[in-house]
Amino acid sequence: MPFAARLAIAWAINLAALWVADALWDGVRIDGWAAFLIGSAVLGVANAVLKPLLTILTLPLILVTLGFFYLLINIAMVALAEWIAPDFSIDGFWSYVGTVVVIWAVNWVIGQAVDDLGGRSRPRLI
């Protein structure tokens, strides 16, 4: 799949994830479609470009902290989207953690659905 198509799919998935996070958490406030569109676009580009670079650079720290630092990298990606997008606010550390968990969950669920629709066969581990 071309890079631009993957970015467009990531944009749509991140938009859905931000909408769910906004609906679930009181500490997350996203007002207006522009904030959703810009926030999800920034999150998609940051996750596609910046996050892999940061993951490679901090791999020893991720291993030493048993993956906790990877959570902080994800929080940083959400914070970048919040910083750039207008009318996008997240208050408190636990709201960031909840938002990251929602983004992970929505990406996983939609990824599973897309794989099922695409007809990819995965080996069963029974």
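**Questions on a predicted model**

Student: Which helix holds Gly 39?
Tutor: Start with what you are looking at: this is a predicted model. In it, Gly 39 is part of helix α2.

Student: Is Gly 39 buried or exposed?
Tutor: Residues under 20% relative accessible area count as buried. Gly 39 has a relative accessible area of 0%, so it is buried.

Student: Which residues does Gly 39 touch, not counting residues up to four places away in sequence?
Tutor: Look beyond the sequence neighbours of Gly 39, which sits in α2. With residues up to four places away not counted, Gly 39 touches Leu 18, Ala 81, Ala 85 and Phe 88.

Student: How many Å apart are Gly 39 and Ala 79 in space, C-alpha to C-alpha?
Tutor: In sequence, 40 residues separate Gly 39 and Ala 79. In space, C-alpha to C-alpha, the distance is 9.8 Å.

Student: At what angle do α1 and α2 pack?
Tutor: Helix α1 covers residues 3–24, and helix α2 covers residues 33–57. Their axes are 8 Å apart. The packing angle is about 125°.

Student: What word describes how α1 and α2 lie to each other?
Tutor: Take the angle of about 125°. Angles of 65 to 115 degrees count as roughly perpendicular, and those over 145 as roughly antiparallel. The angle here falls in neither class, so α1 and α2 are oblique.

Student: Which residues of α1 meet α2?
Tutor: On the α2 side, the contact includes Trp 33, Phe 36, Gly 39 and Asn 47. On the α1 side are Phe 3, Leu 7, Trp 11, Asn 14, Leu 15, Leu 18, Trp 19 and Asp 22.

Student: How many residues of the contact of α1 with α2 are nonpolar?
Tutor: Sort the contact residues by class. Five are polar and one is charged. The nonpolar ones number 13.

Student: Is Asn 14 buried or exposed?
Tutor: Asn 14 is in helix α1. Its relative accessible area is 3%. The cut-off for burial is under 20%, so Asn 14 is buried.

Student: Which residues is Asn 14 in contact with, leaving aside its neighbours within four places in sequence?
Tutor: Asn 14 is one of the α1 residues that meet α2. With neighbours within four places left aside, Asn 14 is in contact with Ser 40, Leu 43, Gly 44, Asn 47, Ile 103 and Asn 107.

Student: How far apart are the axes of α2 and α4?
Tutor: These two helices pack at an angle of about 145°. α2 passes α4 in a right-handed crossing. Their axes are separated by 9 Å.

Student: Which residues of α4 make the contact?
Tutor: From α2 come ten names you can trace in the structure, including Ile 38, Gly 39, Leu 50 and Thr 55. From α4 come Tyr 70, Ile 73, Asn 74, Met 77, Val 78, Leu 80, Ala 81 and Ile 84.

Student: Which residue forms a salt bridge with Asp 91?
Tutor: A search of the whole structure finds one salt bridge. Side chains of opposite charge can pair when their charged atoms come close. In this pair, the closest N and O atoms are 2.6 Å apart. The partner of Asp 91 is Arg 29.

Student: How many residues apart are Asp 91 and Arg 29?
Tutor: Asp 91 is in the loop between β2 and α5, while Arg 29 is in strand β1. The pair links distant parts of the chain, and the separation is 62 residues.

Student: Which residues does Glu 82 touch, not counting residues up to four places away in sequence?
Tutor: Glu 82 lies in helix α4. At 15% relative accessibility, Glu 82 counts as buried. Beyond residues up to four places away, Glu 82 touches Phe 88, Ser 89, Ile 90 and Tyr 96.

Student: What is the phi of Leu 66?
Tutor: Most residues other than glycine have a negative phi. Leu 66, in the loop between α3 and α4, is not a glycine, yet its phi is positive, at about 55°.

Student: Is Asp 87 buried or exposed?
Tutor: Asp 87 also has a positive phi, about 55°. It is found in the loop between α4 and β2. Its relative accessibility is 53%, so Asp 87 counts as exposed.

Terms used: Residues are numbered from 1 along each chain as its sequence is written. This is a predicted model: local features need pLDDT of at least 70, side-chain atom pairs count only at pLDDT 80 or more; totals for chains, interfaces and linings use all residues. Side-chain values use heavy atoms; hydrogens and water are left out. Axes are lines fitted to C-alpha atoms, for helices over the stretch in contact, and angles run from 0 to 180 degrees between N-to-C directions. Helices (H or I, at least four residues) and strands (E, at least two) are DSSP runs, numbered from the N terminus. Angles under 35 degrees count as roughly parallel, over 145 as roughly antiparallel, 65 to 115 as roughly perpendicular and the rest as oblique. Contact means heavy atoms within 4.5 Å. Ala, Val, Leu, Ile, Met, Phe, Trp, Tyr, Cys and Pro count as nonpolar, Asp, Glu, Lys and Arg as charged, and the others, Gly among them, as polar. A salt bridge is a side-chain nitrogen of Lys or Arg within 4 Å of a carboxyl oxygen of Asp or Glu. Buried means under 20% relative accessible area, exposed over 50%, partly exposed in between (1.4 Å probe, protein chains only). A crossing is left-handed if the near helix is turned anticlockwise from the far one by less than a right angle, and right-handed if clockwise.
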